Amino acid sequence: MSLPISLEHVTHAYRTASGPLPVLDDLSIDMPEGSFTAVVGPSGCGKSTLTRLVAGLMKPDQGIVRLGGQPVTGPRSTVGMAFQNPVLLEWRTILQNVMLPLEIVASGMSKTQQQDRARDLLAVVGLEGFEDKKPSELSGGMRQRASLCRSIVHRPEVLILDEPFGALDAFTREDLWQTMHDLRREESFTCVLITHDLRESVFLSDRTVVFSARPARAQKVVEIDLGDQRGLDDLYAPRAVELLAELRREIQIAQGRDVA
Ligand SMILES: Nc1ncnc2c1ncn2[C@@H]1O[C@H](COP(=O)(O)OP(=O)(O)OP(=O)(O)O)[C@@H](O)[C@H]1O
Ligand SMILES: [Mg+2]
């Protein structure tokens, strides 16, 4: 099951020693159930702040964040998260790392069921045979695959990805995009992806929201009308190139650069 996410007039400022730092400015975004929304914008504009609000780790000063119509009042186990740094536990095997959320939330699953679920996901991302390895025995890309499995093993309704592919080399990153596509086909979640990579947002998302410089507003929402069956080659198709150019223009506007 997946839940729609909605932000209604969300405004937030951090309290700092030198006074309030406005970060989000009257942000209203609707993410339908099962959709994939990418968020791009200048560094420091407030993207990770948005993820903390959706995850219930913080409350906005004004406005409401809703999951499935219900206001978010705190962290919930139905939200999965993955970040740039996979943070796997070194003393656990890959299988045990992926199983962790099932041990923490009351999953009602037996140990064998938990193992089967984790094994199935590891197979989807191409890590069959690595279940008993320790994280340090895997490459960065493999660790990130395991981390993605861990973020969805408990079948979250909402998946938040904050630059999960940012630290990977270009080829590994493209592999992981394909993996993400495969996971999306197998699983059901509403996804928010924060990224600095416009090709990534075009390849993975149904819509990409461009944030302005801080305090972030939703400067532009670009529908990525490329259909569900995308391959990496489709990034060179005329429509994808048009979308990339449009996003690039919007980012330049967000950065305050002149656009010819
Ligand atoms: N806990 C905090 N207290 C005070 N200021 C904060 C806090 N967290 C973030 N900030 C500031 O708020 C602004 C937005 O931060 P945020 O992490 O949301 O940006 P971002 O868009 O994710 O940036 P990046 O693209 O570099 O990851 C930044 O100026 C940051 O320094
Ligand atoms: Mg960030």
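Student: Which residue in strand 5 stands opposite Arg 66?
Tutor: This is a predicted model, where local features need pLDDT of at least 70, side-chain atom pairs count only at pLDDT 80 or more, and totals for chains, interfaces and linings use all residues. Residues are numbered from 1 along each chain as its sequence is written, chains are lettered from A and ligands numbered from 1 in the order in which they are written, and side-chain values use heavy atoms, leaving out hydrogens and water. Strand 4 and strand 5 (residues 70–71) run antiparallel and are joined by 2 bridges; strands are DSSP runs of E with at least two residues, helices are runs of H or I with at least four, and both are numbered from the N terminus. Opposite Arg 66 in strand 5 is Pro 71.

Student: Which residue takes a positive phi in the hairpin of strand 4 and strand 5?
Tutor: The hairpin has 2 residues between the strands. The one with a positive phi, near 55 degrees, is Gly 68.

Student: How many bridges join strand 1 to strand 4?
Tutor: Two strands count as paired if DSSP finds at least two bridges between them. Strand 1 (residues 5–16) and strand 4 (residues 62–67) run antiparallel, with Ser 6 opposite Arg 66 and Thr 11 opposite Gln 62. The number of bridges joining strand 1 to strand 4 is 5.

Student: Which strands stand at the edges of the open sheet of 4 strands, and why?
Tutor: This sheet has antiparallel pairing and the order 2-1-4-5. An edge strand here has a single partner, so one of its sides is left without a neighbour in the sheet. The edges are strand 2 (19–31) and strand 5.

Student: What angle does the direction of helix 1 make with that of strand 1?
Tutor: Helix 1 (residues 47–54) packs on that sheet and touches strand 1, strand 2 and strand 4, where contact means heavy atoms within 4.5 Å. Axes are lines fitted to C-alpha atoms, for helices over the stretch in contact, and angles run from 0 to 180 degrees between N-to-C directions. For helix 1 and strand 1 the angle is about 115 degrees.

Student: Which are the edge strands of the open sheet of 6 strands?
Tutor: The order is 6-7-8-3-9-10, with mixed pairing. Strand 10 pairs with strand 9 (residues 207–211) in the antiparallel sense over 5 bridges, and Phe 211 stands opposite Ala 218. Each edge strand pairs on one side only, and the two are strand 6 (79–83) and strand 10 (218–223).

Student: Which helix lies across strand 3, strand 9 and strand 10?
Tutor: Helix 4 lies across strand 6 and strand 7 (158–162), running at about 165 degrees to strand 6. The helix across strand 3 (36–40), strand 9 and strand 10 runs at about 175 degrees to strand 10. That one is helix 7 (residues 238–254).

Student: Is helix 4 roughly parallel or roughly antiparallel to helix 5?
Tutor: Helix 4 (residues 140–152) and helix 5 (residues 170–186) pack at about 20 degrees, with axes 10 Å apart. Angles under 35 degrees count as roughly parallel, over 145 as roughly antiparallel, 65 to 115 as roughly perpendicular and the rest as oblique. So helix 4 and helix 5 are roughly parallel.
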